[in-house]
Structures are given as C-alpha cells and as structure tokens.
Amino acid sequence: MKFFSNAGESEALARSVEDTNGVVIVPAFTGLGAPYWNDTCKGAIYGLTRGANRGHLVRAALEAMCYQTKDLVNVMEAELNEKITDIKVDGGASVNKLLVQSQSDILETTVIKPELAETTALGAARLAGLAVGFYSMDDFKEDSALVYEPQMDHDKVVEKYDRWKKAVEATLKF
C-alpha cells in the first residue's frame with residue numbers, strides 16, 4: 001500500500017484531516033530509546049476504527065515524532081531544572097510546516113526553522129571554507145528563519161500527550 005511519494009504529499013494528506021481521529025502510533029521499530037531504554041518492544045498503532053483513514057495515520061506518525069521529542073525535552077528540562085524556551089530545527093522533516101507547527105504546539109515552545117532546511121550541510125561547507133581560508137567569519141551573517149509559536153490550548157496538549165504516554169506504556173508491556 002502506497003501512502004505518499006514525497007514530503008509535500010504527506011503534509012497534504014495529514015492536513016486533509018483535522019486531527020488523528022484517536023489514532024496513536026508508537027514507532028518502536030527498533031525498540032524505544034531515551035527515556036524508555038527498551039530495545040525489545042515493537043512498534044504499535046492504537047485507536048484504529050472504521051473511521052480512520054490514511055490522513056489520520058500520517059498525522060499520527062507526524063505527531064509521534066513530536067511526542068518523542070517532548071519526551072526528551074522533558075528529561076532535559078528536569079536535568080537542567082529550567083524550561084527550554086525555544087528549539088531550532090533543520091533537516092528534511094523540517095520542510096513539513098504542519099510537523100514544525102505541531103512540534104511547537106506539543107512542546108509548548110517556540111520552534112525556529114531556518115529557511116534553508118539543510119543547515120548541517122551548509123555548516124560543513126562553511127567550516128571547510130574557513131579551514132582553507134576561502135571564508136572569514138565576517139562572511140557569515142545570521143540566516144533568515146521562520147518562527148513557529150504554540151497555538152494549541154494547554155489542556156488539549158495535556159490530553160494528547162497523556163494519550164501518547166498510555167500508548168507507550170501499553171507498547172512497553174506488550
């Protein structure tokens with residue numbers, strides 16, 4: 001079964017539905033890493049009904065990425081004893097605007113995305129240019145960025161994240 005062929009198509013499919021319709025995906029395809037540290041559990045999909053369609057599944061997969069990030073941010077905040085006020089993202093997944101907005105909503109923090117998605121490659125090229133004297137630090141200016149602010153109600157975030165945690169707990173026990 002084909003879900004989508006490119007990132008734009010997956011975003012359009014996820015946007016074709018208002019929410020996940022109760023579907024939660026725990027993508028533990030090789031177990032779950034931090035903060036669960038269980039390499040034997042398997043991936044799972046919860047909440048499937050006759051009303052669930054491809055859009056709900058794609059949206060649930062995108063949200064799973066956000067919940068996994070929230071799990072890690074929660075650990076970091078606890079260790080730092082400080083709220084993380086913004087997160088910077090880049091890479092291929094950051095091209096999906098719905099994913100980045102969902103990340104901001106679920107983390108309840110500002111997410112900053114450079115207009116150029118592949119900043120890791122840009123950084124490597126800049127460092128190489130600096131190393132051989134092609135560039136100096138004066139050649140670099142602040143790159144323009146898109147800023148995403150949380151739009152989801154706090155109670156809704158808590159409800160959705162609690163559902164995620166229940167799904168992870170069930171997955172760990174399976």
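# A guided tour of the chain

Begin with the whole chain in view and follow it from the N terminus, where the elements run α-β-β-α-β-α-β-α-β-α, which amounts to five helices and five strands. Keep in mind throughout that this is a predicted model. Taken along the principal axes, the C-alpha atoms fill a box of roughly 60 × 40 × 35 Å, and of the 174 residues of the chain, 36% count as buried.

**First stop: helix H1.** Select residues 7-15, which make up helix H1, and pick out alanine 12 within this helix. Is alanine 12 buried, partly exposed or exposed? With a relative accessibility of 46%, alanine 12 counts as partly exposed, because the partly exposed class lies between 20% and 50%. If you now add tryptophan 164 to the selection, you will find that the two residues, although 152 residues apart in sequence, have their C-alpha atoms 23 Å apart in space.

**Second stop: the aromatic rings.** Stay with tryptophan 164 and show the aromatic side chains, among which the structure holds three aromatic pairs. Select tyrosine 67 together with tryptophan 164: the ring centres are 5.3 Å apart and the planes meet at 25°, so this pair is stacked. The pair links distant parts of the chain, since tyrosine 67 belongs to helix H2 while tryptophan 164 belongs to helix H5 (residues 154-173), and 97 residues separate them. Both tyrosine 67 and tryptophan 164 are buried.

For a contrast in geometry, move to phenylalanine 134 and tyrosine 135, whose rings form an edge-to-face pair with 5.0 Å from centre to centre and 75° between the planes. Colouring these two by accessibility shows that phenylalanine 134 counts as exposed, at 63% relative accessibility, whereas tyrosine 135 counts as partly exposed, at 32%.

Return to the earlier pair and add tyrosine 161, and you have one aromatic cluster made of Tyr67, Tyr161 and Trp164. Which ring does lysine 70 lie over? Select lysine 70 and turn the view until you see that this residue lies over the face of tyrosine 161, at 5.3 Å from the ring centre.

**Third stop: the surface of helix H2.** Helix H2 covers residues 54-80, and leucine 72 is one of its residues. Leucine 72 is partly exposed, with a relative accessible area of 36%. Select Met76 and Leu80 as well, and switch on the surface display: together with Leu72 they form a nonpolar patch with about 270 Å² of accessible area.

**Last stop: the cysteines.** A search of the whole structure finds zero disulfides, and two cysteines are worth selecting to see how this looks. Why does the model show no disulfide between cysteine 41 and cysteine 66? A disulfide needs two cysteine sulfur atoms within 2.5 Å, but the cysteine sulfur nearest to that of cysteine 41 belongs to cysteine 66 and is 19 Å away. Seen from the other side, cysteine 66 is likewise in no disulfide, and its nearest cysteine sulfur is that of cysteine 41. Cysteine 41 counts as buried, with 4% relative accessibility, and cysteine 66 is buried too, with a relative accessible area of 0%.

Key
Residues are numbered from 1 along each chain as its sequence is written. This is a predicted model: local features need pLDDT of at least 70, side-chain atom pairs count only at pLDDT 80 or more; totals for chains, interfaces and linings use all residues. Side-chain values use heavy atoms; hydrogens and water are left out. Patches are made of residues with over 30% relative accessible area and no salt bridge: like charges are joined within 9 Å, nonpolar side chains (Val, Leu, Ile, Met, Phe, Trp, Tyr) within 5 Å. Accessible areas come from the Shrake-Rupley method with a 1.4 Å probe; for residues, only the protein chains shown count as cover. A salt bridge is a side-chain nitrogen of Lys or Arg within 4 Å of a carboxyl oxygen of Asp or Glu. Helices (H or I, at least four residues) and strands (E, at least two) are DSSP runs, numbered from the N terminus. Buried means under 20% relative accessible area, exposed over 50%, partly exposed in between (1.4 Å probe, protein chains only). Rings of Phe, Tyr and Trp (its six-membered ring) pair if their centres lie within 6.5 Å; planes under 30 degrees apart count as stacked, over 60 as edge-to-face and the rest as tilted. A charge sits over a ring if NZ of Lys or CZ of Arg is within 6 Å of the ring centre and within 35 degrees of the ring normal.
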